[in-house]
Structure formats: C-alpha cells, structure tokens
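This report covers the helices, the charged side chains and the aromatic rings of one protein chain. The sequence and structure come first.

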Amino acid sequence: MEEEVDKLELMFQKADSDLDYIQYRLEYEIKTNYPDAPGKELSAIKSRYRTLCARFKPIADEQNVIKSRICATFSKTVTMIQELQKHTDLELSPLTEEEKTAVQQLKSHMSDL
C-alpha cells in the first residue's frame with residue numbers, strides 16, 4: 001500500500017512540476033517572442049494564459065482531494081490493523097528502519113495537506 005501511495009505522490013509531484021514548467025515556458029515565450037508586443041496582442045496572450053490557468057485549477061484541486069482521501073484511507077487502514085493486532089493478542093514487533101522512514105514520510109505528506 002505504501003508503494004502505491006509513493007507512486008501516486010510522485011505522479012502528483014510530476015503534474016505540479018509540469019504545470020510550473022508550462023507557466024514558466026509561457027511567460028518566457030511571451031517575453032522573448034513579443035518583447036514590444038502591442039497592447040492588443042499582449043492582452044490576447046494574457047487572456048489565453050489566464051484561460052489555461054483556469055483550466056488547470058480544477059486539476060490541482062482534485063489532486064489535493066485525492067491526496068487527502070489516500071492519506072485518510074491509509075490512516076484508517078493502519079488504525080484497523082493496530083486494533084486487530086490488539087484484539088488478537090498478537091505481539092507487536094518494533095518498526096524496522098524502513099517502516100519508521102515510511103511513517104515519517106506519510107506524516108510529512110499529511111501535514112502538507
């Protein structure tokens with residue numbers, strides 16, 4: 001389950017990075033290709049830029065919702081496993097270093113939301 005969360009997190013980070021790159025690239029293209037652009041052309045370009053930003057905002061919002069759901073589901077799953085271990089009198093073994101690292105990463109991702 002942790003691997004899936006990590007993969008999704010990487011996908012979201014890539015999507016964020018792609019959006020940042022698109023924004024940077026568009027601003028760069030405007031500055032280099034239209035340094036002395038008349039107001040009308042520049043207004044059209046800015047309008048298109050705002051339209052693109054508006055189209056990507058729901059994607060970013062949905063990304064945050066999905067992250068939140070994944071973290072909530074994962075947290076509930078961990079709690080259920082711990083409760084099952086208590087009720088079945090299973091001895092809880094200490095966390096390995098890898099598990100401790102995974103818990104720290106999960107907590108940091110959850111605090112980002």
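The text below goes through the fold, the salt bridges, a charged surface patch and an aromatic pair.

**Fold**

The model is predicted. The protein chain has 3 helices and 0 strands, and its elements run α-α-α from the N terminus on. Helix α1 spans residues 2-33, helix α2 spans residues 39-87, and helix α3 spans residues 97-112. Of the 113 residues of the chain, 13% count as buried.

**Salt bridges**

A search of the whole structure finds 5 salt bridges. Side chains of opposite charge can pair when their charged atoms come close. The table gives the N to O distance for some of these pairs, including one that involves Asp-18.

| Salt bridge | N to O distance |
|---|---|
| Asp-18 and Lys-14 | 2.9 Å |
| Lys-86 and Glu-83 | 3.8 Å |
| Glu-97 and Lys-100 | 3.7 Å |

Where do the partners sit along the chain? Asp-18 and Lys-14 both belong to helix α1 and are 4 residues apart, about one turn of the helix. Lys-86 and Glu-83 are both in helix α2, 3 residues apart, again about one turn of the helix. In helix α3, Glu-97 and Lys-100 are likewise 3 residues apart, about one turn.

The accessibility of the partners can be taken pair by pair. In the α1 pair, Asp-18 is partly exposed, with a relative accessible area of 34%. In the α2 pair, Lys-86 is exposed at a relative accessible area of 54%, whereas Glu-83 is partly exposed at 35%. In the α3 pair, Glu-97 counts as exposed because its relative accessibility of 58% is over the 50% cut-off. Lys-100, at 39% relative accessibility, counts as partly exposed.

**Negative surface patch**

Which residues form the negative surface patch? The patch is made of Glu-3, Glu-4, Asp-6, Glu-98 and Glu-99. Helices α1 and α3 each supply at least two of its residues, and α1 gives the most, with 3 residues. Glu-3 is one of the patch residues and lies in helix α1. At 58% relative accessibility, Glu-3 counts as exposed.

Glu-97 has a salt bridge with Lys-100, and residues with a salt bridge are left out of patches. Glu-98 and Glu-99 are listed in the negative patch.

**Aromatic pair**

The structure holds 1 aromatic pair. Tyr-24 and Tyr-28 form this pair, with 6.3 Å from centre to centre and 20 degrees between the planes. A pair of aromatic rings is described by the distance of the centres and the angle of the planes. The arrangement of Tyr-24 and Tyr-28 is stacked, because planes under 30 degrees apart count as stacked.

How many residues separate Tyr-24 and Tyr-28 in helix α1? They are 4 residues apart, so about one helical turn separates them. Tyr-24 is exposed, with a relative accessible area of 52%. Tyr-28 is partly exposed, with a relative accessible area of 39%.

**Summary by helix**

Helix α1 holds Tyr-24 and Tyr-28 of the aromatic pair, both partners of the Asp-18 and Lys-14 salt bridge, and 3 residues of the negative patch. Helix α2 holds Lys-86 and Glu-83, whose side chains meet in a salt bridge. Helix α3 holds Glu-97 and Lys-100 and supplies at least two residues of the negative patch.

Conventions:
Residues numbered from 1 in each chain as written. Predicted model: local features only at pLDDT ≥ 70, side-chain atom pairs only at ≥ 80, totals over all residues. Heavy atoms only, no water. Phe/Tyr/Trp six-rings, centres within 6.5 Å; stacked < 30°, edge-to-face > 60°. Buried < 20%, exposed > 50% of the residue type's maximum accessible area, 1.4 Å probe, protein only. Salt bridge = Lys/Arg side-chain N within 4 Å of Asp/Glu carboxyl O. Patch = residues over 30% accessible without salt bridge, like charges linked within 9 Å, V, L, I, M, F, W, Y side chains within 5 Å. Areas by Shrake-Rupley, 256 points an atom, 1.4 Å probe, with all protein chains shown as cover. Lys, Arg positive; Asp, Glu negative; His and termini not counted. Charge placed at Lys NZ, Arg CZ, Asp CG, Glu CD.
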